Structures are given as structure tokens and as C-alpha cells.
Amino acid sequence: MTLPSSASHLSTPKSKRGSGRPFARPYQAYLFLAPGLLLYLVFVFYPIINTARYSLFDWTGFSEPVYIGLENYTELFADNDFWKSIGNNFFFVTFYTILPILLALFLTALLTRSKLRGMSIYRTGLFIPQVMSSVVVGIIWRWLLGPTGPINEFLRLIGLGGLVQPWLGSFTYAPIAVGLVGTWYEYGLCMVLFIAGAQSIDQELYDAARIFGANAWQEFRYVTLPSLRPQILVAFVLTFIAAMRVFDMVFVLTGGGPGKQTYVTSLLIYEEAFQRNRAGYASAIAVVVTIIIIVVSLTVNYVQSRDGSQEVDI
Amino acid sequence: MSALSTRNRTWLTYALLTIFLIAAVAPFVGTFLTAFKDTRELSNGIFALPEQWQFDNFEDAWTGARFSTYFKSSVIVVVPVVVLSVILSTMSGFAFGMFRFPGQNVLLLLILLGLMVPFEAVIIPLWQLMGLLGLRNSYWALILPQVALSFAFGTFWMRSFFSSFPRELVDAAVVDGCNTWDVLWRILFPLSRPALLSLVVLLFMWTWNEFFLVLVMVTGDLRTLPVGLALLRGRYASDIPVMAAASLIVSLPVLILYFIFQRSFIRGMIAGAVKG
């Protein structure tokens, strides 16, 4: 399965079509497309345009919108809450994206050259967090990390009672605790991707590397790492977007607190729009976040298509 | 690392993999066990077996905390979303995969946008639009946007399936006098089972787990399971075993599907790299 994200999908696959004739009446395509496209235009595309438009208005969500140009944006860039929240999103990228990828790469470096058995059990188990509702994940970790939760109980049990913390209520530890829940949430995805990728690397590459006297690090650096490039890109996009969009988990774990220590942009959008009735201002935040997500997605798409259409499969 | 023989490295890998595997599932195992316990048993430790396997917590969650109501809402939303999205995406995937028509690439780009934008980017105008249509606080406010967004993913999914479909089969059917409608539903649709199955389980999971849209659009009994769980207040909210039972109720349908179709899930979520 090639990625739908790759640009190759945007050109019509001609090879399949060269000899076979397309259907005689191309206008029929519009009829097949119309019902879904209509819904899409009304409930996705039109709202996207409107979010961009509303970001230029002073608007409560109920009032008559007043055009104010780029004022929402100038206010935004002077708003401490905005910088704090987007800073937290990028702080979480460390935990959602970088840590899981490094962890998975470390594991993959160990297992190259060995054919592993029983991988389906590992794959099934490691991937479970990804299919769970993030609310459930949040509820479970809120309990585990609670003041009298199992993690603190465990610390007391092994004689490390001095380390006991109200993890999610602590100014210092809450961001790290929420981040580590993210690491826990994403590492399985990265491992599943990289292990599958590593298992399909041509063993002859390693033999060749060995003939040239490569040590284990050089094997990893010059064979494994380049071969895993497509998988690393996919893991990066998936986890980066998760970190930029995170809402459910923070909403349940800390509600953004204590103070604004774990506050993120999606919470800011939600509260500005639906609790403080500043829909225009919230739209401007949404525009900024969406642009970041789209730019990163498109950049990775570009890199993927430049690399050629490499298949990522498990 | 170089000091280790390949064999030892294999063992080390298995050991580490196993540790990571245990870390990934342990919280769920603990939750599962806790759901069958009495509150006073909590001090026995998270992985202690229940003294007696009892279902009181599930009853409390189901009736007392009203998870039966949220369950009903979840089903009412997820069924039409999956059915409608699959039908509409099959049709549009067919249009993009089998036809060549003016504006094709522009329309595809337009739909690609829907793969990239998060609900946060559309939620404010959607909320206003639903108000104008008088649909706010109704199941339609959940179903329609969810179908529209699923349509974007489904179109790309079915399109890549149809464009790799053996063209001769289609041509033969056309020669035999099938019209395009019959080609799609009588010939291609039954042969698309693997792609459709993946699409169904992915859309089911995304819709079942959706939180943000539901949080904004509806209140009270119309809330689906994740929102019901997150906003649970009152005495059950601090009752750990009841919360554990409620978490299981929310997770079970997706987990069952996952254990049956795990490859479909993993493939689809990786293929949807942009969907997020």
C-alpha cells in the first residue's frame, strides 16, 4: 500500500490505462462523485474557508461579525497564553515524536541481522494504545499517576517514598508526566513500523558492509538508518501531528494545568471559542495551527516523493 | 554493541521487546483487573487478581452512570457514519480510479485538504452552520461532519484500490453490456472486500473514539461514550473500579474488532499518515 499522502497519487496512473479505454462517458464520473463531494464541500471545505475568513473578524459567535483585518493575529502574537500553549505543543513533540523514534531506532539497531519469530504477538500488543480511545488512555493514566495511584504506591513499596509526587498536579513534573504518557502512547507505533522495515532490508547489504569491515555502529549508520527512511518519515508525520493536535489526553489528564503548564493550542481554541465567546480570535489560532500542520505534512510529502515511491507496509 | 554476538543480540532484542510489550499492555491489564474488584481491594495492588470476579462495577457504570445511554448514542452515530461513508467513498473512489475527467486533479487536491485539516480547523464554522440548520444538539451534528471528513480518507483509500484493479475485468463487463452503475456495484464492489473491510474498521474506530466534535456539538444524553467518560461527574467519577469498568465498556467494541482485523488497522493507520 503506497501512502495516499505521496504525490504519486495525484497523477492519474497511466500504465493501467494506456491500452484499456476509459469509460466512454467521462461526465458520469461527476455523478458518482457528486453526493459525497457535496457533503464534503458543505461540512469540511466551506468551514475551512470560513475559519480563515472569521479570523479577520471581531466576532463572539453570536454577534454581527466586524471586520478588523489582521488585528486578531497581531493580538495573537502578543498573547502570552498563545506562546505558552504553542510552546507546550513543541515541548510535547520531544515526547511524542523524538523520544519514541529514538527508542524504536535503538531497538531496531539491535535486531538487524536477526530474523525474529513471533513478531505478530509483539506487533499486536505494541500497537494496542493506538486503537484505544485517547480519553480512555487519559482516564487510566490519570488514575495511575494520581497522588495515591499505583505508581506512587509502587514507589513507596520499593522504598523510594521520597520520590512520591502528585505528578499531574506538580508545576515541575506535570508537563513531563503528560509528555511521557505521549511517549508511551506513540513508541509502539514507531517500533511496529521500524521492525517491519528492518526485517525487509536485504541481508546482502549487511554482508557487503561486513566485507568492508564495518562495525556495528557503521552498519546501523550506513545500512539500517538509510533503509528505514520511509518508515521514519511516516512515524514523524503521524506523531508530530498528534503532538500538535493533542486535546483529549490533556483535557482528561490535567485540563491544561496546573496553571498553564500543560496548556496546548487546541485547548486554547476550545476555550476561546466556546467558553470566552471569542470565535474570531479562536479562528486565528486555528489558522496558525492548521498552517503548521499542513506545511509539515507537505514537506514530508515532498521528501517522500523525491525519494521515489517507496512502499511502507507492515 | 559490537562485543555482542548475533545470537546474544537476538536474545537481548527479545528481552527488550518483551519489556516494551509489557509496558504497552500493562495499564490495560491493570484496568481490566480493577474493573472486577471492590474498592477496598485497591490497596492489594493493581495487578492483584480480584478476590471475587463480580460485575457490580459494570452494572453501576451501565445504569448508575448512564453508560447505556452513551452507548446507544455511540451506536446511533457510528452505524450511519460507516455505512454512508463507505458507500460515498466507494463511488468517488470509482470515479477517480476508473475515469478520466476534466478537473480530476483539482478535485483530488481539494479532497486531500480534508485529509490534513484537524477538526479544530473547522469546528467554529461547523458549530455556527449547525446552529443555522437547527441541527445543533442533534445526532446529525455528529453524523454529517464525520461522514464528510471520512469521505476524504475513504476516497483516497478506494481510489488507490480501484486504480490497481485489473482493467480487463471491467472492460469485459462493459463489452457484455453492463452499464457503469452495474460495473461498480455488481462487479467491483463484491471484489473489493479487503479494501472495504479495512475502511469499515478504520472509520468505525475513528468515529467511535471521536471526542472533540462531540464535546462541542451536543450535550446530555446525546453524548457518545468517550465524552460521557471524560465528563463524568459525581460519586462514580471518583470510584476507581467503576471508572475502570466504564473504560472497558468504551474500549471493548474497538478492541474486539482490532483483535480480529489487526492487520487492517495497522496498515490503514499507517497509510493514513496524513489523517492523524
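User: How many residue pairs are in polar contact between chain A and chain B?
Analyst: There are 14, both residues at pLDDT 80 or more. A polar contact here is a pair of N or O atoms within 3.5 Å; within protein, one must be able to donate a hydrogen and the other to accept it, and residues adjacent in sequence count only if both atoms are side-chain atoms. Keep in mind this is a predicted model: local features need pLDDT of at least 70, side-chain atom pairs count only at pLDDT 80 or more, and totals for chains, interfaces and linings use all residues. Side-chain values use heavy atoms, without hydrogens and water, and residues are numbered from 1 along each chain.

User: Which helix gives the most to chain A's side of that interface?
Analyst: Helix α1 (residues 27-54) of chain A, with 21 residues. Helices are DSSP runs of H or I, at least four residues, numbered from the N terminus.

User: Any salt bridges across it, and how many?
Analyst: The rule finds one: E120(B) with R245(A), 3.7 Å from N to O. The rule wants a side-chain nitrogen of Lys or Arg within 4 Å of a carboxyl oxygen of Asp or Glu.

User: What area is buried between the two chains?
Analyst: About 10,400 Å², with 75% from carbon and sulfur atoms. That's the accessible area (1.4 Å probe) the two parts lose on being put together, summed over both.

User: Switching topic: what does F67(B) touch?
Analyst: Beyond neighbours within four places in sequence, its contacts include W62(B), L225(B), L232(B) and V250(B). Contact means heavy atoms within 4.5 Å.

Definitions and conventions
Chains lettered and ligands numbered in written order. Helix = DSSP H or I, 4+ residues; strand = E, 2+ residues; numbered from the N terminus.
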